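Thanks for coming. I will go through one structure today, and I will begin with a question once it is on the screen.

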Amino acid sequence: QVQVVESGGGLVQPGGSLRLSCTASGLAFDSYPMAWFRQAPEKEREFVARIGSNNGRTRVIGSLRGRVTISRETGKNTVYLQMNSLKPEDTAVYHCAVGRSSTIFSEQMAESVYDYWGHGTQVTVSS
């Protein structure tokens, strides 16, 4: 049984940083791409970042590029999302997801190509 668990969220002041963690179990972690999505209040869930299998290529949505880094640690079955210079509009529930091993580039930001999801971790950016 695949389990995906996020952690690391919390309350942070504007301009601050957070590192989110996501641990996936019940699967061959190295073989799967991983991604982060977020859902702000009253908004649809949106893609944030993705990292390919075996520390493959990373992809970050344009609006967050330069402030967000995604990485993975093989030995710990964990993927990280480092977020810097946080803004109030970054407030959202951040979800981690396990992708499919072969997904074409144009589909990588779609929720439909991610099969397992965590419940999310709340990030609140406020003074």
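Which residues does arginine 67 touch, not counting residues up to four places away in sequence? Please keep in mind that this is a predicted model. The contacts of arginine 67 are Gln82, Met83, Asn84, Ser85, Leu86, Lys87 and Asp90. Arginine 67 itself is in the loop between β6, residues 58-60, and β7. Its side chain reaches the backbone oxygen of serine 85, at 3.0 Å. Is arginine 67 buried or exposed? Its relative accessibility is 13%, and buried means under 20%, so arginine 67 counts as buried.

One residue on that contact list leads us onward: methionine 83. Methionine 83 has its place in strand β8. Its relative accessibility is 2%, so methionine 83 also counts as buried. Leaving out residues up to four places away in sequence, methionine 83 touches Gly16, Ser17, Leu18, Leu20, Arg67, Val68, Tyr94 and Val123. Take valine 68 from that list. Valine 68 and methionine 83 are 15 residues apart along the chain, and their C-alpha atoms are separated by 4.6 Å. Leucine 18 is also on the list, and leucine 18 stands opposite methionine 83 in β8.

That brings us to the strands. Strand β3, residues 18-25, pairs with strand β8, residues 78-83, over six bridges, in the antiparallel sense. How many strands form the open sheet, and in what order? There are four, in the order β1-β3-β8-β7, and the pairing is antiparallel. β1, residues 3-7, and β7, residues 68-73, each have a single partner strand, so they stand at the edges and one side of each has no neighbour in the sheet. On average, neighbouring strands of this sheet are turned by 15° against each other, direction ignored.

Now the rings. The structure holds four aromatic pairs. One of them joins phenylalanine 37 and tryptophan 117, with 4.9 Å centre to centre and 55° between the planes, and this pair is tilted. Where in the chain are these two? Phenylalanine 37 is in strand β4, residues 34-39, and tryptophan 117 is in strand β10, residues 114-117. They are 80 residues apart, and the pair links distant parts of the chain. Phenylalanine 37 counts as buried, at 1% relative accessibility, whereas tryptophan 117 is partly exposed, with a relative accessible area of 26%.

Tryptophan 117 also forms an aromatic pair with tyrosine 114. That pair is edge-to-face, at 6.3 Å centre to centre and 70° between the planes. Tyrosine 114 counts as buried, at 4% relative accessibility. Ring pairs link Phe37, Phe47, Tyr114 and Trp117 into a cluster.

Two other rings have an arginine over them. The charged end of arginine 59 sits over the ring of phenylalanine 105, 3.6 Å from its centre. Arginine 72 lies over the face of phenylalanine 29, at 4.4 Å from the ring centre.

To go back to the start: arginine 67 touches Met83, methionine 83 is in strand β8, and β8 pairs with β3. That is the path I wanted to show on this predicted model.

Notes. Residues are numbered from 1 along each chain as its sequence is written. Side-chain values use heavy atoms; hydrogens and water are left out. Two strands pair if DSSP finds at least two bridges between them. Axes are lines fitted to C-alpha atoms, for helices over the stretch in contact, and angles run from 0 to 180 degrees between N-to-C directions. Rings of Phe, Tyr and Trp (its six-membered ring) pair if their centres lie within 6.5 Å; planes under 30 degrees apart count as stacked, over 60 as edge-to-face and the rest as tilted. Buried means under 20% relative accessible area, exposed over 50%, partly exposed in between (1.4 Å probe, protein chains only). A charge sits over a ring if NZ of Lys or CZ of Arg is within 6 Å of the ring centre and within 35 degrees of the ring normal. Contact means heavy atoms within 4.5 Å. A polar contact is a pair of N or O atoms within 3.5 Å; within protein, one must be able to donate a hydrogen and the other to accept it, and residues adjacent in sequence count only if both atoms are side-chain atoms.
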